[in-house]
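Hello,

Here is the structure I promised to pass on to you. Have a look at it first, and then read on for what turned up in it.

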Amino acid sequence: MTSTTLTASAVNNAARRGNALGRRLLILAAWLVFAFFLLLPLLVVASEALKQGAGTFVAAILEPDALSALKLTLLAVGIAVPLNLVFGVAAAWCVSKYEFRGKSLLVTLIDLPFSVSPVIAGLIYVLLFGAQGFFGPWLREHDIQIIFALPGIVLATIFVTVPFVARELIPLMQEQGTQEEEAARLLGANGWQMFWHVTLPNIKWGLIYGVVLCTARAMGEFGAVSVVSGHIRGYTNTLPLHVEILYNEYNHVAAFSVASLLLLLALLILLLKQWSESRINRLKASAGEE
């Protein structure tokens, strides 16, 4: 072995040691950030919720206003997420399968809730549907209430969550192309059969992932819902709004107890997200091997 080979080998070993040290430092830094900014707050919420015992914790969750907030949150999510599911699939289909004038504008409008403050979105709905808003007199004449009621909460939730399903499906459907759909059409399949038997099996895990993200965002929405709800306790308060009211009343144990309930729901959604993400990665890996 020549001296040149020995020198190159020593350089490579030193580079590997340096890379290994840098990797370990980056991993350590990532875990420290995770522990300080994520894990520690979660532990604080759990400890504060159980500060006065399990009995107080359960009583705060089963309190009528808390149950009302939970039901309203689940109802708003149950309405907003399916509507965004339909819109997301339709928008992704249009963007990925067709060329039309205004396509880039449609993609921009889908992304609009990412750049607009949720509070601004709530104010827009108040200006449109409030008592002094643009449609206010007509709504009052027909005894229809949107602001400070469930419809306003649903509209605000839909606005802030509208990009999630579409944004997950658009790149996935663009990557798959249109060959399979065209083959199905040549074989005599109609539009519904083509979607149900060809398109949906190819996008189902991406669709589930988008729905999970949409659900998580809808369940934790605060800003837009706070503006349109009116904070009517027991009627228009969702779980995040109920936590704010309890905290402002210095009822910290109850606030953290309800927050822990919201946290448990978020963890459940996170597990569903990880599961759907792992399925998507497996499908991509299997497609790459083929």
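Before the first result, one term: two residues are in contact when they have heavy atoms within 4.5 Å. Of the contacts in the protein with a separation of 6 or more, 73% join residues 24 or more positions apart. Please keep in mind that this is a predicted model.

**Overall picture**

The protein has 13 helices and zero strands, so if you follow the elements from the N terminus on, you will meet α after α. The C-alpha atoms fill a box of roughly 90 × 65 × 30 Å along the principal axes. The radius of gyration is 25 Å, where a compact globule of 290 residues would have one near 19 Å.

As for the surface, about 17,300 Å² of the protein is accessible, and carbon and sulfur atoms make up 68% of that. Among the 290 residues, 36% count as buried. There are 19 positive and 18 negative charges, and their mean positions lie 10 Å apart.

**The cores**

In soluble globular proteins, nonpolar side chains tend to be buried together. Here the largest nonpolar core has 44 residues, and those with the most contacts inside it are Leu 169, Met 173, Ile 203, Leu 207, Leu 239 and Val 258. Several helices supply at least two residues each to this core, including α1 (3–49), α3 (64–97), α10 (191–219) and α13 (252–289). A second, separate core has 17 residues, among them Ala 121, Phe 129, Leu 139 and Val 154.

If you would like one residue to start from in the largest core, try Leu 207. Leaving aside neighbours within four places in sequence, Leu 207 is in contact with Leu 85, Val 89, Val 165, Leu 169 and Leu 200.

**A look at Val 81**

Another residue to pick out on your screen is Val 81, in helix α3. Is Val 81 buried or exposed? Buried means under 20% relative accessible area, and Val 81 counts as buried because its relative accessibility is 8%. Not counting residues up to four places away in sequence, Val 81 touches Val 211, Cys 214 and Thr 215. Thr 157 is 76 residues from Val 81 along the chain, and the C-alpha atoms of the two are separated by 8.8 Å.

Enjoy turning it around on the screen!

Best wishes

Technical notes
Residues numbered from 1 in each chain as written. Predicted model: local features only at pLDDT ≥ 70, side-chain atom pairs only at ≥ 80, totals over all residues. Heavy atoms only, no water. Helix = DSSP H or I, 4+ residues; strand = E, 2+ residues; numbered from the N terminus. Rg over C-alpha atoms; globule rule 2.2 N^0.38 Å. Buried < 20%, exposed > 50% of the residue type's maximum accessible area, 1.4 Å probe, protein only. Areas by Shrake-Rupley, 256 points an atom, 1.4 Å probe, with all protein chains shown as cover. Lys, Arg positive; Asp, Glu negative; His and termini not counted. Charge placed at Lys NZ, Arg CZ, Asp CG, Glu CD. Core = buried A, V, L, I, M, F, W, Y, C linked by side-chain atoms within 4.5 Å.
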